[in-house]
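Morning, everyone. I have one structure to walk through today. Please have the viewer open.

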Amino acid sequence: HSADAHRTDLMTITRFVLNEQSKHAESRGDFTILLSHIVLGCKFVCSAVNKAGLAKLIGLAGETNVQGEEQKKLDVLSNEVFVKALVSSGRTCILVSEEDELAIVVEPSKRGKYCVVFDPLDGSSNIDCGVSIGTIFGIYMIKDHSEPKLEDALQPGKDMVAAGYCMYGSSCTLVLSTGSGVNGFTLDPSLGEFILTHPDIKIPKKGKIYSVNEGNARNWDAPTAKYVEKCKFPKDGSSAKSLRYIGSMVADVHRTLLYGGIFLYPADKKSPNGKLRVLYEVFPMSFLMEQAGGQAFTGKERALDLVPKKIHERSPIFLGSYDDVEEIKALYAEEQ
Ligand code: AHG
Ligand code: MN
Ligand code: MN
Ligand code: MN
C-alpha cells in the first residue's frame, strides 16, 4: 500500500506482540499482559528520568545495595516501579532485581507463570551527568506450576522466553526479542505508545568498534590483553578499531547492536568473574545478540549455556558481531 499508509498503520509494541504471540497460542494473553506491565514501568521511568534533574531525583538515596553500591534515588524509585508493575500484572510468581538481595516471591493470589529478572536502572553512575541509562529484563516460564522455587530463577539464559532493554537517552527506545528476532520500538510521547521503528534488527557480521573500560587494562588476563592489542595495532595491516565506551551497558550494547563491533567486560585479577551480573545483564543482552545474528561468550563457554548458582552472580562477557567474538574465542582456545 502507499507510503502514507505506514503513517496511519501504527504498529505499536502491544499490537506487535499480539501478532507474535499468535504463533505461540498457549501464552498469547498472559505474555501480552505481562509485557504491557513492563512497558508501563518503562514509560514511568522514562518520564522520571527526563525530569530527574528538575524533580530533585538525582543524587544518592542514602542506602547501599547487595552489590555494595550506593543506591541512587532513581535506582530505588525505578525498582519500586517495576516490582509493583510486575506484581500487579498477576502474571509473575518470582522476581529477581539487582536492587533486592533476595528473590521476591509474589503473593499467591497474584501469581502467574513467569519469572522476571531485571536491572531496573542500568548505568546509575551516569544518572547525575545526563548520559543515557536504561532498564534490562529477562523472562522465564517457571518449570512447574506448584510453589515457585529459587530454581525457577536460576535457569540457563538459553531457556529465557523473552529479553529486552529500554534505553532512556535522546529518545526512549525499547528493544525486545520473544525468541524470533529482535525489534526496536521508540516511545512517541504524544501518544504514550512505543512504535515499531527498528524492525528485525540484525547486527553487522563484523564491526570497527571495541567497547571496554581500558582503565582495567593492568588487571586483564592474556587473551583479553592480546585481543585489545590487536584492536589497536592490527597485524594484518587493517585499520585500527575505534574505542567507544559509555559506561552504561544498555547504551554500549545498543550501539553495538546497531553499528556492529564488540562489547567486553572481561575478568580481571581484582574481579575474577568480571563485574556484570549473569541473570539481569549478561543473559538478556546475550539473548538479544544471538537473536540478532551475533554471539556472546564468557571466556569459557557460550554465555547462554551458563547455569547460575546464585541470583546475583557475575560473569565475564564478550558480546557483539559474530566474527569479532570468534576472534576472542580463538585467543581463549589457544590459552587452554
Ligand atoms: P548498574 O548501574 O546497573 O549497577 O550497572 C552498571 C554496569 C553497566 O551498566 C556498565 O557496563 C558497567 O557497570 C560499567 O562498569 P565500569 O564503570 O567498571 O566500567
Ligand atoms: Mn548497580
Ligand atoms: Mn546494570
Ligand atoms: Mn542497575
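I will go through the metal site, the pockets, one helix and two single residues.

First, a caveat: this is a predicted model. Local features need pLDDT of at least 70. Side-chain atom pairs count only at pLDDT 80 or more.

Let's start with the metal. Which protein donors does the manganese ion, ligand 2, have? They are Glu-69 and Glu-98, each through OE, lying 2.1 Å from the ion. Water is not among the atoms, so the site may look incomplete. The manganese ion that is ligand 3 sits 5.4 Å from ligand 2.

Now place the two donors on the chain. Glu-69 is in the loop between strand 1, residues 60–64, and strand 2. Glu-98 is in the loop between strand 3, residues 92–97, and strand 4, residues 104–105. The pair therefore ties together parts that are 29 residues apart in sequence.

Are these glutamates buried or partly exposed? Glu-69 is partly exposed, at 24% relative accessible area. Glu-98 has 3% relative accessibility, so it counts as buried, the cut-off being under 20%.

Next, the pockets. The largest pocket has a volume of about 390 Å³. Its lining has 25 residues. Lying nearest the centre are Gly-123, Ser-124, Ser-125, Gly-247 and Lys-275. Four elements give two or more residues to that lining: strand 2 (70–72), strand 5 (111–122), helix 6 (249–259) and strand 13 (262–265). Strand 5 has the largest share, with three residues. By type, the lining of the largest pocket splits into twelve charged, seven nonpolar and six polar residues.

The second largest pocket comes in at about 320 Å³. It is lined by 17 residues. Nearest its centre you will find Lys-206, Pro-234, Ser-238, Ser-239 and Lys-241. Which element gives the most to this lining? That is helix 5, residues 222–232, with three residues. The split here is eight charged, five nonpolar and four polar.

Back to helix 6, one of the contributors to the largest pocket. How many of its eleven residues are buried? Nine are, so the helix is mostly covered. The buried set is Met-249, Val-250, Ala-251, Asp-252, Val-253, His-254, Arg-255, Thr-256 and Leu-257. As a reminder, an α-helix has 3.6 residues a turn, so residues three or four places apart point the same way. After helix 6 comes Gly-260, with a positive phi near 90°.

Now two single residues. Take Asn-126 first. It belongs to the loop between strand 5 and strand 6, residues 133–141. It counts as buried, at 9% relative accessibility. Its side chain makes a polar contact of 2.8 Å with the side chain of Ser-248. Beyond its neighbours within four places in sequence, Asn-126 touches Val-131, Ser-132, Ile-133, Ile-246, Gly-247 and Ser-248. Gly-247 also appears among the residues nearest the centre of the largest pocket.

Then Val-105, in strand 4. Its relative accessibility is 46%, which counts as partly exposed. Which residues does Val-105 contact, once neighbours within four places in sequence are set aside? They are Cys-93, Arg-111 and Pro-148. Leu-95 is ten residues away along the chain, and its C-alpha atom is 6.6 Å from that of Val-105.

That's the tour. Over to you for questions.

Note on methods. Residues numbered from 1 in each chain as written. Chains lettered and ligands numbered in written order. Heavy atoms only, no water. 1 Å grid on protein atoms, 1.4 Å probe; cavity = no way out; pocket = protein on both sides within 12 Å on 5 of 7 lines; lining within 4 Å. Points joined across faces, edges and corners; volume = space filled by probe spheres on them. Nonpolar A, V, L, I, M, F, W, Y, C, P; charged D, E, K, R; others polar. Donors = N, O, S within 2.8 Å, 3.2 Å for Na, K, Ca; no water. Buried < 20%, exposed > 50% of the residue type's maximum accessible area, 1.4 Å probe, protein only. Polar contact = N/O pair within 3.5 Å; in protein donor to acceptor, adjacent residues only side chain to side chain. Contact = heavy atoms within 4.5 Å.
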